[in-house]
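User: I am new to this structure and would be grateful for a close look at a single part of it. Please begin with one residue and then place it in its wider setting.

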Amino acid sequence: MELIRRYGLLLFFVGIPLIPLLAFWFIPMFVSLWLSTTDWDYISPEYSHVMLENYQTILTSDNFYAALKNTAFFSVMTVIPTIIFGLLFASLLKNVMKGSTLLKSLLFSPWITPMVAMSIVWTWIFQPDVGLLNQLLGLLHLPQPSWLTDSDTAMWSIIIVSIWKNAGWAMIFYADALSKIPGELYEVGDIEGTSWWQNSRFITIPLVSPTTLFLIIISLIDAIQAYDQIQVMTQGGPAGSTRTLLYLYYQMAFEQFNMGQATALSTLIVLLTGVLAFLLFYTSKKWVHY
Amino acid sequence: MHEMLHTSKSFFRYTFLIILSLIMVFPLIWMMLSSLKTTEEIFSVPLTLFPETLQWSNFAGALELAPFWLYMFNSAITSVCIVVLQVILSSMIAYALTQLKFRGKSLLFNSILITYMLPAAATYVPSYILLSKMGLLDSLTGIVISNVASVFTIFLLRQAFLQVPKEMIEAARSEGANDFTVLLKVMIPMCKSTIFIASLISFVSMYNNYLWPSLIVKSQEKYLITVGLNRFFTNVGSFADTWPLIMAANVLTVVPLLLLFVLLNKWFIKGISDNGLKG
């Protein structure tokens, strides 16, 4: 009787929530792995096992390496500035008495908006002739690139939007981390007459390094999965210059219905993310001070 | 002298902060201004900052071309259903992870931990096939069902449940409370603010979600706002004179979220900094 009650309890508390978790998270990860060894095209009921052929096709295709390069470029150029701006905003806000909540809210507000809607607004801002950005650049007599329609600048446009959207989010974490640094540390610096740069270099940056590690990992996973802004602003173009691995995956799976290759690519994306996260954790011992 | 240096320093700091804040919100302001301009104003070189007369008719024009109210209703209702189910299911499993003893508990927790780190994209193809087998493609139910498991919410709730003092749980048990009562009468009330924050963040990310819903819904009356907005943009975007209408549609999409943020901004900011790091 006691045993039945115990199992019933577990069935309820663990069993019920586990159903959607298994159905839409755990099992799909393995099914995806299995699908990656087939040549299934989604429509026909038949498929055959091709073993590692999909992986071979991907790893020998130029598209893959171009997308890998784009992903790496996009990730690095998004993650690093996001973190720098986050720390800059948070340091400026530290010790601000009046209006800090308002300023913080303004800086954070892009995070709350839908990426799809804001990508449309940015598409308008990036318009070559009438867009806000080029008109401003014109006033300053700076070069006016054609942004989204030029394969040299399209990725930069996507990067700008992504940094704009996430910098305020990083700021929130840094603001919290900075508020935990004891004020005395800076007072010692004041007495010894250290510069702002020395304070940052030897006090602030080392003491917020756990936050930096956390933000790098989360933003990196986020950057690898960026999709909305690319879909709205460039659809991977022009000439594939903004096609990232995830975008290539989307096109393979849901435009060409080449499920075998798509799932193989998704496995590679998972592997890449896992390896990067592991490397970051592993090397972090050298620069993160707890 | 020191005082003066200090004031000038903080003056510089304020000016810099105000400029940065304006730059960050400017795309939002620009969107709103553009939505109230005429086509001539929006295309004028050099640009005009303010519309001469406010063109409220742009909103009516956008609503005439696509049923944005319906899209927003679809998004709101699916997001609310998802959030409610997520909170119920996550609090159950978080209760089991923190209060019950069973075999495979650490395996379960580690699997959740790993899932949190991995790209969701890896699940799209199998989940899509599953939904199609269940006959739930092109339905809002399909979107709800495929989103009810949230590793993020499970994480936050587990963390919060761990903070509930043991004495309180034991006191409730000694008064004869069973597990259901402990969950409902002790854990959930004690973790109200975490549950609220998790719901808030989850609601916003579901309302803003695009990729997965865009794969599921195909018929217009089921579009979520993000899907409907992007289809509207691709359909009418090639005609130059529709930019004010597109901006009006954007304003309609973004304003509900901005209102939510204005009302609850302290919750968002505090919630993210308090809970995010522990996650």
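Analyst: With a relative accessibility of 0%, Ser119(A) counts as buried; that term means under 20% relative accessible area, while exposed means over 50% and partly exposed anything in between, for a 1.4 Å probe and protein chains only. The model is a predicted one, in which local features need pLDDT of at least 70, side-chain atom pairs count only at pLDDT 80 or more, and totals for chains, interfaces and linings use all residues. Residues are numbered from 1 along each chain as its sequence is written, chains are lettered from A and ligands numbered from 1 in the order in which they are written, and side-chain values use heavy atoms, with hydrogens and water left out.

Ser119(A) belongs to helix α5 of chain A, which covers residues 115-125. Helices (H or I, at least four residues) and strands (E, at least two) are DSSP runs, numbered from the N terminus. Setting aside residues up to four places away in sequence, Ser119(A) touches Asp228(A), Gln229(A), Val232(A) and Met233(A); contact here means heavy atoms within 4.5 Å.

The loop between α11 (228-233) and α12 (245-254) of chain A holds Pro238(A). Gly237(A) and Pro238(A) are joined by a cis peptide bond, with omega about -15 degrees. Gln235(A) is found in the loop between α11 and α12 as well. Its phi is near 50 degrees, a positive value in a residue other than glycine. Gln235(A) is partly exposed, its relative accessible area being 39%.

A positive phi also appears at His141(A), where the value is near 55 degrees and the residue is again not glycine. His141(A) sits in the loop between α6 (132-139) and α7 (154-179) of chain A. With 74% relative accessibility, His141(A) counts as exposed.

Helix α12(A) comes next. Because 10 of its 10 residues are buried, α12(A) is largely enclosed by the rest of the structure. Its buried residues include Leu245(A), Tyr249(A), Gln251(A) and Phe254(A). Ala253(A) lies in α12 of chain A too, and at 0% relative accessibility it counts as buried. Beyond residues up to four places away in sequence, Ala253(A) touches Asn258(A), Met259(A), Ala262(A) and, in the other lettered chain, Val125(B). Ala253(A) and Ala90(A) are 163 residues apart in sequence, and their C-alpha atoms are 41 Å apart in space.

Contacts between chains A and B also involve Phe26(A), whose place is in helix α1 (residues 2-35) of chain A. At 14% relative accessibility, Phe26(A) counts as buried. Leaving aside neighbours within four places in sequence, Phe26(A) is in contact with Leu18(A) and Leu21(A), and with Leu108(B), Ser111(B), Ile112(B) and Thr115(B).

In chain B, Ser35(B) is found in helix α1 (residues 2-35). Its relative accessibility is 1%, so Ser35(B) counts as buried. A polar atom of its side chain lies 2.7 Å from the backbone oxygen of Met32(B). Apart from neighbours within four places in sequence, the residues in contact with Ser35(B) include Gln55(B), Phe59(B), Pro244(B) and Val251(B).

One pair of helices in chain A shows how such elements meet. The axes of α8 (residues 183-192) and α9 (residues 196-207) come within 11 Å and cross at roughly 170 degrees. That crossing makes α8(A) roughly antiparallel to α9(A), a label for angles over 145 degrees, with under 35 counted as roughly parallel, 65 to 115 as roughly perpendicular and the rest as oblique. On α8(A) the contact is made by Leu185(A), Tyr186(A) and Gly189(A), and on α9(A) by Asn199(A), Ile203(A), Thr204(A) and Leu207(A). These residues divide into 4 nonpolar, 3 polar and no charged.

The wider setting is chain A as a whole, which has 13 helices and 0 strands. Of its 290 residues, 54% count as buried. Among contacts between residues at least 6 apart in sequence, 67% join residues at least 24 apart. The C-alpha atoms of chain A fill a box of roughly 75 × 70 × 35 Å along the principal axes.

How values were computed: Axes fitted to C-alpha atoms, helices over the stretch in contact; angles between N-to-C directions. Nonpolar A, V, L, I, M, F, W, Y, C, P; charged D, E, K, R; others polar. Polar contact = N/O pair within 3.5 Å; in protein donor to acceptor, adjacent residues only side chain to side chain.
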